[in-house]
Amino acid sequence: MMTSSDVDVRADGSLFSDQNPSEMDALCPSPPGPSRPQRNYERIGERTGTSFCQTLIHLLKGNIGTGLLGLPLAVKNAGLVVGPVSLLIMGVIAVHCMRLLVTCSHHFCAKMNRPSMTYGEVMQYGMENVSWLRRHSHWGRWTVNLFLIITQLGFCCVYFVFLSDNVKQVVEAANATTFSCQINFTNQTQVLVPSFDSRLYMLCFLPFIILLVFTPNLKYLAPLSLVANLVMTASLVLIYIYSLTHIPTPINLPKVGRAKDYPLFFGTAIFAFEGIGVVLPLENEMQRPHSFTLVLFLGMGIVTFLYISLGTIGYLCFGEHIGGSITLNLPNCWTYQAVKLLYSFGIFITFALQFYVPAEILIPSVVARVSERWEKTVDLLFRTILVIFTCALAILIPELDLVISLVGSVSSSFLALIFPPILQLLAFHTEGLSPLVTIKNLIISMVGLIGFLTGTYIAIEEIIARNGLKHEETFSTY
């Protein structure tokens, strides 16, 4: 999953600038000429930009990642009927919130005579539109940027856990890998050669990921990113085929999950749907931005279908044994071991793309405080520290399903559900919003807030419980 927005870092090195960096800036660079903030183009059709299909592909890419693979477990937490229905409802709400953000951006672009805005800027102008918030409007931009940083670094933590879990499983089963792909109904592929702890695998990946984020420009990773997208797509097709062809009968799975587990479902689902950060950058890059609404509805319709179908089919196939990622349930044969490795390669490359956003928000403010001769050294050092920080967090919580749920509950709920309805109220409060619209927006924001509180609490409670259980098992072996 990718979150991004456009950015131009201030010369004074302020921590949270008016704009945010974007993967689009790297992989879809602007044409030669003045930098983007200096270019006074028309918003519709008067500039070179991405086509309808290119924007659709980027939207799909920005919403499909590790979150998709965790949805079968999310459906288990909610129940076989409640899970898919809840995913559909959450998808409709998420798309509605994306549309609200685009509408507010259009409103303020017209009002301020600007060609485009970022998420943070829209929040800042929204607060400026209310007299008693105007004095502190910059807090809105800072808050959005803070949650973008938390979300992106959270994604990086999830990637560390995903890589370690999947590669560990492949290594441990290497001696027994065969060409026979029979289902074994266990939480993991049968472990035949126990290896070291998954956290040590994270440490093994650490130096390679540090070297990866040293890449000076993401354009150099564009060919690898294309390959990663292709292998991840092929892997998803194979996962679908296996899951569809191995659904056992009769199906005796609970239609409704435990109430206590539903917040975990919420966290995982909103983690998967948190693609709102790519919405404005993608629209800003379009050659004909007036077509973006169709792209949004078509793209998110496809995404929602994929989420509901894989979540339901994966749970039907593996039942109560479903893991934090459906890849961990795939059988011990060369075809699906290759799927795990190929998807892991895709996630490895995607790490640099996710890391780009927080790095480009934070690093310029640090580099601005040192002399020119030390700029490169400090840049690389800070990148190293950020990667080590994400690795340390992943080592502290090496539970893939709980990390996904925690990141979704803590940060994604604000960006995807809480902020957009509030933005509409701030932007149009002087233009006579109907009471029904106001009530609807408050309900959506309250749902996001309740999901944030309960999801965070339950995820942390489960993390503590699992760590306690592991310590007991460790001490019992001595």
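# Exercises on a predicted helical model

E320 has a relative accessible area of 43% and is therefore partly exposed, a class lying between buried (under 20% relative accessible area) and exposed (over 50%), computed with a 1.4 Å probe and protein chains only. The model is predicted, so local features require pLDDT of at least 70 and side-chain atom pairs pLDDT 80 or more, whereas totals for chains, interfaces and linings use all residues. Residues are numbered from 1 along each chain as its sequence is written, and side-chain values use heavy atoms, with hydrogens and water left out.

## Exercise 1. A pair between α4 and a loop

Task: Determine with which residue K76 forms a salt bridge, and how far apart the closest N and O atoms are.

Solution.
- Step 1. The criterion is a side-chain nitrogen of Lys or Arg within 4 Å of a carboxyl oxygen of Asp or Glu.
- Step 2. The partner of K76 is E320, and their closest N and O atoms are 3.9 Å apart.
- Step 3. Because K76 belongs to helix α4 and E320 to the loop between α12 and α13, the pair ties together parts that are 244 residues apart in sequence. Helices here are DSSP runs (H or I, at least four residues), numbered from the N terminus.
- Step 4. K76 is partly exposed, at a relative accessible area of 24%.

## Exercise 2. The covering of α4

Task: State how many of the residues of helix α4 (residues 71-78) are buried, and identify what covers them.

Solution.
- Step 1. Of the 8 residues in α4, 7 are buried, and the helix is mostly covered.
- Step 2. The buried residues are L71, P72, L73, A74, V75, N77 and A78.
- Step 3. Their cover includes α3 (66-69), α5, α10 (262-273), α12 (292-318) and α15 (400-428), where contact requires heavy atoms within 4.5 Å.
- Step 4. After α4 comes G79, with a positive phi near 115 degrees.

## Exercise 3. Salt bridges of α16

Task: Identify the salt-bridge partners of E461 and of R466, and place each pair along the chain.

Solution.
- Step 1. E461 pairs with K260, with the closest N and O atoms 3.7 Å apart.
- Step 2. This pair links distant parts of the chain: E461 is in helix α16 and K260 in the loop between α9 and α10, 201 residues apart.
- Step 3. Both ends are partly exposed: E461 at 30% relative accessibility and K260 at 42%.
- Step 4. R466 pairs with E399, with the closest N and O atoms 3.1 Å apart.
- Step 5. This pair too links distant parts of the chain, with E399 in the loop between α14 (375-396) and α15, R466 in helix α16, and their positions 67 residues apart.
- Step 6. E399 is buried, with a relative accessible area of 12%, whereas R466 is partly exposed at 27%.
- Step 7. The structure holds 10 salt bridges; E360, D379 and R383 are linked in a network of them.

## Exercise 4. The geometry of α13

Task: Compare the span of helix α13 (residues 334-367) with its expected value, and locate its bend.

Solution.
- Step 1. The expected span is 1.5 Å times one less than the number of residues.
- Step 2. For the 34 residues of α13 this gives 50 Å, and the distance from first to last C-alpha, 47 Å, is close to that value.
- Step 3. The helix bends by about 40 degrees at A359, the bend being the angle between axes fitted to the seven residues ending there and the seven starting there.
- Step 4. Because 25 of its 34 residues are buried, α13 is largely enclosed by the rest of the structure.

## Exercise 5. Buried positions in three helices

Task: For S105, Y242 and G140, establish whether each is buried or exposed, and describe its surroundings.

Solution.
- Step 1. S105, in helix α5 (residues 82-112), is buried at 1% relative accessible area. Residues up to four places away in sequence aside, S105 touches M117, V122 and L280.
- Step 2. Y242, in helix α9 (residues 222-245), is buried at 1% relative accessibility. Its C-alpha lies 8.4 Å from that of L330, 88 residues apart along the chain.
- Step 3. G140, in helix α7 (residues 137-172), is buried at 4%. Beyond neighbours within four places in sequence, G140 is in contact with M123 and M127. The C-alpha atoms of G140 and F419 are separated by 9.8 Å, although the two are 279 residues apart along the chain.

Conventions
Helix = DSSP H or I, 4+ residues; strand = E, 2+ residues; numbered from the N terminus.
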